[in-house]
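Here's a quick briefing to read with the viewer open. Spin the model around as you go and check each point by eye.

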Amino acid sequence: MTRSTLVPGGRVARRLLLATCLLLPVAVVSADAVVGLLLPAYRVAFEWLAPEFRLLALETGADGGHRVLLARVTIADILVVGQHAVYPDARGVATASTPLAHALHLPLAAMLVAFALPRSTAQAALGALAAGVATVPLLPFDLAAILAANLWQLVIDRYAPGTTSPLLIWAGFLGGGGRWMIGALTGIAAALSLSLTGGVNAAFAQEWQQRRDQYVWRLFREVVPAGKRPAPNVIRHRSPASQRVELATDDTMFPP
């Protein structure tokens, strides 16, 4: 295997290791604060995903030495599950929890992948930042889906064992590595978007520079009299097509 095939892979591995060492401790330390800040959004997401439950409390807390997001609910309306009708009862309260450590898996995966892609360091850092920001709207729906699925699992196990639902399937996907997959795809999409935007901006800047050079030389010919122009053998100009500095060898550049 040649050296040219080893360098890109080694660079990606080094970047991935560096990003992991930097971002993983930050994610562990800041998960509680981030979830606490986004609690109103988590509430909205939960009520949208599981309108059958009335949310009594949604808060962070400790459970067996682990920090968790805890939901306490009661049934909001009559539920028909299999052959059973479940009536709401104010005395019946169910709880579900999920570890806070999972809250930032999605942005962590997105930022790791975006930073590890082979580009310049500045572009990689900007891509990681853009990937992290892109995952923010998805964060509340991650843990909210897990909580709603856990509560529905209690109902199904009680009244219709063996059945499933799209919410349970989706929660299983997230818990089985789906959030890492979504994060990785988000990171790749953010990096590609920045690359495409940078290419468009570079093409626009090159075209603008060419038009500017043409305008400057046209203005120079109109303003400066032919007799007062510099000697043709010492005039340097920039070719708009190739962007190279060339030496003028005759007076054809500035016709009288």
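What follows covers the overall layout, then the sheet, the helices on it, the cores and one residue in the first helix.

Keep in mind that this is a predicted model. The protein has six helices and seven strands, and along the sequence they come in the pattern α-α-β-β-β-β-β-α-α-α-α-β-β.

**Overall numbers**
- Out of 256 residues in the protein, 32% count as buried.
- About 15,400 Å² of the protein is exposed, and 66% of that comes from carbon and sulfur atoms.
- If you take contacts between residues at least 6 apart in sequence, 60% of them link residues at least 24 apart.

**The three-stranded sheet**
- Look for an open sheet with strand order E1-E2-E5 and antiparallel pairing.
- E1 and E5 (94-99) are the edge strands, since each of them pairs on one side only.
- On average, neighbouring strands in this sheet are turned by 25° against each other, ignoring direction.
- E1 and E2 share 10 bridges in the antiparallel sense.
- The two strands E1 and E2 make a hairpin with two residues between them, and Gly64 in the turn has a positive phi of about 65°.
- Two cross-strand positions to click on: Leu55 sits opposite Val73 in E2, and Thr60 sits opposite Leu69 in E2.

**Helices lying on the strands**
- H2 lies across E1 and E2, and runs at about 135° to E1.
- H5 lies across E1, E2 and E5, and runs at about 140° to E5.
- Which residues of H2 (residues 39-49) are buried? They are Tyr42, Ala45 and Phe46.
- Those three span an arc of only 100° around the axis, so they end up on the same side of H2.
- Turned away from that buried side, H2 has the exposed residues Pro40, Val44 and Trp48.

**The nonpolar cores**
- As background, nonpolar side chains tend to be buried together in soluble globular proteins.
- In this model, the largest nonpolar core has 40 residues, and Tyr42, Phe46, Phe53, Leu69 and Trp152 have the most contacts inside it.
- Elements giving two or more residues to this core are H1, H2, E1 (53-63), E2 (66-75), E3 (79-81), H5 (139-159) and H6 (166-223).
- H5 supplies the largest share of this core, with 12 residues.
- Another core, of six residues, lies apart from the largest one; Leu108, Phe115, Ala124 and Ala128 are among its members.
- Phe46 is a handy place to centre the view: leaving aside neighbours within four places in sequence, Phe46 is in contact with Phe53, Leu55, Val73, Ala144, Leu147, Ala148 and Leu151.
- Two of those partners, Leu55 and Val73, are the pair that stand opposite each other, with Val73 in E2.

**Leu24 in the first helix**
- Leu24 has its place in H1 (residues 3-37).
- How does Leu24 come to count as partly exposed? Its relative accessible area is 41%, and the partly exposed class runs between the 20% and 50% cut-offs.
- Neighbours within four places aside, Leu24 is in contact with Ala19 and Leu108. Leu108 also belongs to the six-residue core.
- Leu24 and Leu104 are 80 residues apart along the chain, with 9.5 Å separating their C-alpha atoms.

Terms used: Residues numbered from 1 in each chain as written. Predicted model: local features only at pLDDT ≥ 70, side-chain atom pairs only at ≥ 80, totals over all residues. Heavy atoms only, no water. Helix = DSSP H or I, 4+ residues; strand = E, 2+ residues; numbered from the N terminus. Buried < 20%, exposed > 50% of the residue type's maximum accessible area, 1.4 Å probe, protein only. Contact = heavy atoms within 4.5 Å. Areas by Shrake-Rupley, 256 points an atom, 1.4 Å probe, with all protein chains shown as cover. Arc of directions from axis to C-beta. Core = buried A, V, L, I, M, F, W, Y, C linked by side-chain atoms within 4.5 Å. Pairing = 2+ DSSP bridges. Axes fitted to C-alpha atoms, helices over the stretch in contact; angles between N-to-C directions.
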